[in-house]
Amino acid sequence: MPLAPDRQLARLRARCAKHAAELAKVGFMLKGTVKQRMLPCGSPGCRCHGDPPQLHGPYWQWTSKVRGKTVSRMLREHQARRYQEWIANWKRFDKIAEAMHELSARADALLRSQEQATRTHEVRSRHRPQPRKSAARR
Ligand SMILES: [Zn+2]
């Protein structure tokens, strides 16, 4: 048997609160990715420019998009570990926020259907501005 709307709403609210508590535990966050890369250097005669090229590395590199631009930075190993941890925090945050958004959408649907039910009891002759049909269709 399905739960009453109020119970459903209370359940959604409780789940949302649980997620919010999880969010509060997330620390520093960073967007982007950390990868190990092999790279050529700047000296023309180096083996990294040979055939086949023997690249240097591996190096840790962080890459991210900042205001639409790709930004990258070379990292030391301990920095790479820190970046990976902060990136994992961002992903956790993002996942939790997405779950909260989903619960909110369900709560909204519930509330709207409740509001729809009460509206049928209202007098419908009240004057209310109506959106122009031609404008609403576009
Ligand atoms: Zn080189």
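A crossing of two helices is called left-handed if the near helix is turned anticlockwise from the far one by less than a right angle, and right-handed if it is turned clockwise. With that term in hand, we can walk through this predicted model, in which the crossing of helix 1 and helix 2 turns out to be left-handed.

Let us begin with the overall plan. The protein contains 3 helices and 3 strands, and anyone who reads along the sequence meets them in the pattern α-β-β-β-α-α. Of the contacts in the protein with a separation of 6 or more, 55% are made by residues that are 24 or more positions apart. As for burial, 3% of the 138 residues of the protein count as buried.

The strands come next. Strands of a sheet pair through backbone hydrogen bonds, either parallel or antiparallel. Here the 3 strands form an open sheet in the order 1-2-3, and their pairing is antiparallel. Strand 1 (33-39) and strand 3 (69-75) stand at the edges and have a single partner strand each, so one side of each is left without a neighbour in the sheet. From one strand to the next, the twist averages 35°.

We can now follow the two pairings in turn. Strand 1 pairs with strand 2 (residues 56-66) in the antiparallel sense over 6 bridges, and within this pairing T33 stands opposite T63 in strand 2. On the other side of the sheet order, strand 2 and strand 3 run antiparallel and are joined by 7 bridges. T63 appears here again, for it stands opposite S72 in strand 3, while W62 has R73 as its bridge partner in strand 3. The hairpin of strand 2 and strand 3 has 2 residues between the strands, and in this hairpin R67 takes a positive phi near 50°.

How exposed is the sheet? Strand 3 is hardly covered, since the count of buried residues among its 7 residues is 0. In strand 1 we find K35, which has 13 C-beta neighbours inside 10 Å and therefore counts as partly exposed, because a residue is exposed at 12 or fewer such neighbours and buried at 20 or more. K35 and T63 are 28 residues apart along the chain, yet their C-alpha atoms are separated by 8.2 Å.

Helix 2 links the sheet to the helical part of the model. Helix 2 (residues 77-119) lies across strand 1, strand 2 and strand 3, and runs at about 145° to strand 1. It also meets helix 1 (residues 5-25), for the axes of these two helices come within 10 Å and cross at roughly 160°. That angle makes helix 1 roughly antiparallel to helix 2, because angles over 145 degrees are counted in that way.

Which residues in helix 1 and helix 2 meet? From helix 1 come P5, Q8, L9, L12, R15, C16, H19, E22 and L23, and from helix 2 come F93, I96, A99, M100, L103, R106, A107, L110 and Q114. Sorted by class, the contact of helix 1 with helix 2 has 12 nonpolar, 3 polar and 3 charged residues.

Note on methods. Residues numbered from 1 in each chain as written. Predicted model: local features only at pLDDT ≥ 70, side-chain atom pairs only at ≥ 80, totals over all residues. Pairing = 2+ DSSP bridges. Helix = DSSP H or I, 4+ residues; strand = E, 2+ residues; numbered from the N terminus. Axes fitted to C-alpha atoms, helices over the stretch in contact; angles between N-to-C directions. Contact = placed C-beta atoms within 7 Å. Parallel < 35°, antiparallel > 145°, perpendicular 65-115°, else oblique. Nonpolar A, V, L, I, M, F, W, Y, C, P; charged D, E, K, R; others polar.
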